[in-house]
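Biologist: I should like a close look at a single part of this model, namely the surroundings of the ligand, followed by an account of how the rest of the chain is arranged. Which residues surround the ligand?

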Amino acid sequence: METISSIHLFTTLFIILASTLTTQCANKVSETPYQEASTVFIRTSCSSTSYPRLCYSSLVKHADLIQTNRVLLTGTALNVTLASAKSTSAVMSVMAKRQGLKPREVAAMKDCVEELSDSVDELRRSIDEISHLRTSNFEMTMSDVQTWVSAALTDVNTCTDGFQESAITIDGTSTKSSVRGLVVQLAQLTSNALALINQLANSHG
Ligand SMILES: *[C@@H]1O[C@H](CO)[C@@H](O)[C@H](O)[C@H]1NC(C)=O
């Protein structure tokens, strides 16, 4: 049983890491002028984020949806971040229930599970709110979304910090690096989404 669940766990981790890598190596296919306008728009918008390459690679596959629309760009960045938060949270929940963790490690994992669950709620709320964005409620909506995504970023960073302090070894394998990698990428996606939200907020001046 123990072995089977370990294999299952590592398969899950592997699939998540592999799909993350695939995302970053998206093939370059020939583009119509319209798609090119969109990819230029995404690249330009991403250039002022802290992790421009991750920003670009995570959004360019949605270029057809985003077109050159700043609201759709921001909404897509939030959706991508929410998907990452959900999968990272799921992996962390599995990890927190593993046998053989030291009490300190279990505590760090459980804190992370809670922080990631809060960040999922905050991102969901932001996505719901931004889907009702109108000229009439623009400032109020953007201010709410900035508040929630900032809170999500704090939660994710708190989880990352907890991980720095504990090297977690399971079944003789250090899983710290792979799980921590997921949380770090989530933190970067969240930071980028916040930068795009700030760009959108400043675009109506
Ligand atoms: C984000 O996800 C929601 C829920 O799945 C969807 O309704 C919305 O169209 C998405 N937004 C963008 C900009 O893709």
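Modeller: In this predicted model, the ligand is surrounded by L65, L72, G75, T76 and N79; a residue belongs to these surroundings if one of its heavy atoms lies within 4 Å of the ligand. Helix α5, residues 70-96, gives the most to this shell, with four residues. Helices (DSSP runs of H or I, at least four residues) and strands (runs of E, at least two) are numbered from the N terminus. The shell divides into two nonpolar residues, three polar residues and no charged ones. In this division, Ala, Val, Leu, Ile, Met, Phe, Trp, Tyr, Cys and Pro count as nonpolar, Asp, Glu, Lys and Arg as charged, and the others, Gly among them, as polar.

At N79, an N or O atom of the side chain is 2.3 Å from an oxygen atom of the ligand. A pair of N or O atoms within 3.5 Å is called a polar contact. Taken alone, the ligand exposes 360 Å², and the protein buries 42% of that. Such accessible areas come from the Shrake-Rupley method with a 1.4 Å probe.

Some conventions must be stated here. Residues are numbered from 1 along each chain as its sequence is written, and side-chain values use heavy atoms, with hydrogens and water left out. Local features need a pLDDT of at least 70 and side-chain atom pairs count only at pLDDT 80 or more, whereas totals for chains, interfaces and linings use all residues.

Helix α5 also holds V71. V71 is partly exposed, with a relative accessible area of 33%; buried means under 20%, exposed over 50%, and partly exposed in between, again with a 1.4 Å probe and protein chains only. Apart from residues up to four places away in sequence, V71 touches L133 and L200, where contact means heavy atoms within 4.5 Å. V71 is also separated from L196 by 9.4 Å between C-alpha atoms, although the two are 125 residues apart along the chain.

The loop between α4 (63-66) and α5 contains Q67. Phi of Q67 is near 50°, a positive value in a residue other than glycine. Most residues other than glycine have a negative phi. Q67 counts as partly exposed because its relative accessibility is 33%.

L196 appears again in relation to C46, a residue of helix α2 (residues 33-46). C46 and L196 are 150 residues apart in sequence, yet their C-alpha atoms are 7.6 Å apart in space. With a relative accessible area of 1%, C46 is buried. Its contacts, not counting residues up to four places away in sequence, are P52, C55, Y56 and L59.

Why is helix α3 described as largely enclosed? Six of its eight residues are buried, so the rest of the structure largely encloses it. The buried residues of α3 are L54, C55, Y56, S57, S58 and L59. Two of the residues in this list, L54 and C55, are touched by N192, whose contacts beyond four places in sequence also include T49, S50 and Y51. N192 lies in helix α8, residues 176-203, and counts as buried because its relative accessibility is 2%.

A contrast is offered by D111 in helix α6 (residues 103-130). D111 is partly exposed, at 45% relative accessible area. Its C-alpha atom is 8.1 Å from that of G162, which is 51 residues away in sequence.

As a whole, the protein chain has eight helices and two strands, in the order α-α-α-α-α-α-α-β-β-α. Buried residues make up 43% of its 205 residues. Among contacts between residues at least 6 apart in sequence, 75% join residues at least 24 apart. The chain exposes about 10800 Å², of which carbon and sulfur atoms supply 56%.

Finally, the question of confidence. The chain averages a pLDDT of 85, and 78% of the residues score at least 70; pLDDT is the predictor's confidence in each residue, from 0 to 100. Confidence is highest in helix α3 (residues 52-59), at a mean of 98, and lowest in strand β1 (residues 169-170), at 50. Over residues 24-28 pLDDT stays under 50, and the model has three contacts for them beyond four places in sequence. Where pLDDT is low, the predicted coordinates should not be read in detail.

Note on methods. Polar contact = N/O pair within 3.5 Å; in protein donor to acceptor, adjacent residues only side chain to side chain.
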